[in-house]
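Reader: I would be grateful for a close examination of a single part, namely the interface between the two chains and the salt bridges associated with it. Please state the criteria behind each term as it arises.

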There are 2 protein chains.
Amino acid sequence: MKTILIIGIGAGDPDYITMQAIKALNRVDVVFLMDKGPAKQKLRALREELCRRHIKDRSYRFVEAPSPPRDIGAADYRASVDDLNREKQAVFEAMIAEEMKDGETAGILVWGDPMLYDSTIRNIEAIASKGGHGIDWEVIPGITAVQALAARHKIPLNRIAEPVALTTGRRLADGFPTGIDSVAVLLDGEDTYRRFADQDVDIWWGAYLGTPDEILIKGKVADVSDEIRRSRHAAREANGWMMDTYVMRRRRG
Amino acid sequence: MKTILIIGIGAGDPDYITMQAIKALNRVDVVFLMDKGPAKQKLRALREELCRRHIKDRSYRFVEAPSPPRDIGAADYRASVDDLNREKQAVFEAMIAEEMKDGETAGILVWGDPMLYDSTIRNIEAIASKGGHGIDWEVIPGITAVQALAARHKIPLNRIAEPVALTTGRRLADGFPTGIDSVAVLLDGEDTYRRFADQDVDIWWGAYLGTPDEILIKGKVADVSDEIRRSRHAAREANGWMMDTYVMRRRRG
């Protein structure tokens, strides 16, 4: 039997890590790394730092796999994500077969919380449910970027007794979901919030949340959307990468 | 100047606490307690245990205030919550004035994450923005019951690239939000999931998540709704209180 721990490490601040995640790190023999893109070095460095800081009296090793790139030019976004996940599953499967001894435990350290806009749970479940590997697996939740954003802006996510939608930039392009006045938006590379500048909508935006590079901007979308766009693009230029999220809320009629 | 730290302590498992929350606890001179209802003793005991376990080389004191009851028979739910919050603000204001010396730091330990279906942020902001007290305040995020649920069932909250609504039992009674196939439901005292037993909907339900009393049930709503209802009511009877949450997802047509 081999054990896989999918460990949410929180979004940004290393202190977002939970005691449960620290205990999980201390069960790990091997840490699988699969970072990619322009933030790869930063993401890897954070994972190494968390292990160095929190794993006590235990030896562990890192195994790095190349993360297959998603075909970002693909016409069908869903299909391109499915293809990517099949490739990732093949990579994980090879790592489990070749880099773990029977009885060992591997950790996969996921930025934020593995439950939200992350495919690690789906990929490991697909491998485990095929059988053949004898895999036991657990999930440890982590602080998401949405929670970091709300905490840093000191706002509730929902209005009293009202719903909130967690959604993507791609889906937000179609407008707020019907009947929902509060949205938290992840994975928006297209400055989709700008579409709401003609409406009575407030925005709370943040980038590099919980890190020394953090930027926070809030206000009516009409008033701050240009400032957010300038900050986003200047920071992406300066840092080589951008990780941002926002909450938008319709004002009361 | 007085400092208020609104600290999310996670939902259930004491190990859901983050390093950031532990550091915040270690800045606290006084912990404000405001529990109520049948789970009051358990909630208070958990807060005391977290302080005992994590606050090092520092003296601190507990100050308990009676939490005003919400008028649960009120015809207008929103108005009854507003009334309750005004009363809570008065209680917090009195505690800040009478129980804190200038320069001291108070902690309010919130179950789950203060950003989600909790009024502490609104109440402290209302007091701070009135001025007069010289209050500085911060928010520390915590693991919500929704995250605990997803982790224990080992499921993603969203389908790939699709939105999720966080909502209440009360709002869910009107059906899934238009265009959204995944919902996470909190504050449902009425077994609202049962309304979906005639639809192609799956449910992942959990109670007392992350505690020794944890119960997890999943399946098609039609198949498991009676079992969930029986478990909920039997456990509430046995324990004197119930804290549960669930995710529901429409199957693909």
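Author: The following account treats the interface first and the salt bridges afterwards.

This is a predicted model, in which local features need pLDDT of at least 70 and side-chain atom pairs count only at pLDDT 80 or more, whereas totals for chains, interfaces and linings use all residues. Residues are numbered from 1 along each chain as its sequence is written, chains are lettered from A and ligands numbered from 1 in the order in which they are written, and side-chain values use heavy atoms, with hydrogens and water left out.

In the interface, 53 residues of chain A are in contact with 54 residues of chain B, contact meaning heavy atoms within 4.5 Å. The area buried between chain A and chain B is about 4600 Å², and carbon and sulfur atoms give 61% of that area. Buried area here is the accessible area (1.4 Å probe) that two parts lose on being put together, summed over both. Of the area that chain A buries against chain B, 16% is supplied by A:Met115, A:Lys154 and A:Ile160, more than by any other three residues.

Between chain A and chain B, 25 residue pairs are in polar contact, both residues being at pLDDT 80 or more. A polar contact is a pair of N or O atoms within 3.5 Å; within protein, one must be able to donate a hydrogen and the other to accept it, and residues adjacent in sequence count only if both atoms are side-chain atoms. On the side of chain A that touches chain B, at least two residues come from each of α1 (19-25), α3 (77-99), α4 (120-130), β5 (135-140), α5 (145-153) and β6 (164-168) of chain A. These elements are DSSP runs numbered from the N terminus: helices are H or I, at least four residues, and strands are E, at least two.

The β6 strands also meet across the interface. β6(A) pairs with strand β6 (residues 164-168) of chain B in the antiparallel sense, over three bridges; two strands pair if DSSP finds at least two bridges between them. Within this pairing, A:Ala165 stands opposite B:Ala165 in β6(B).

The rule finds two salt bridges across the interface of chain A and chain B, a salt bridge being a side-chain nitrogen of Lys or Arg within 4 Å of a carboxyl oxygen of Asp or Glu. One joins A:Asp15 to B:Lys23, with the closest N and O atoms 2.6 Å apart. In another, the side chains of B:Asp15 and A:Lys23 meet at 2.6 Å, N to O. This pair crosses between chains, from B:Asp15 in the loop between β1 (2-8) and α1 (19-25) of chain B to A:Lys23 in helix α1 of chain A. B:Asp15 counts as buried at 10% relative accessibility, whereas A:Lys23 is partly exposed at 44%. Buried means under 20% relative accessible area, exposed over 50%, and partly exposed in between (1.4 Å probe, protein chains only).

A:Asp15 also forms a salt bridge within chain A, to A:Arg53, the closest N and O atoms being 3.6 Å apart. A:Asp15 lies in the loop between β1 (2-8) and α1 of chain A and A:Arg53 in helix α2 (residues 40-54) of chain A, so the pair ties together parts that are 38 residues apart in sequence. A:Asp15 is buried, with a relative accessible area of 11%, and A:Arg53 is partly exposed at 33%.
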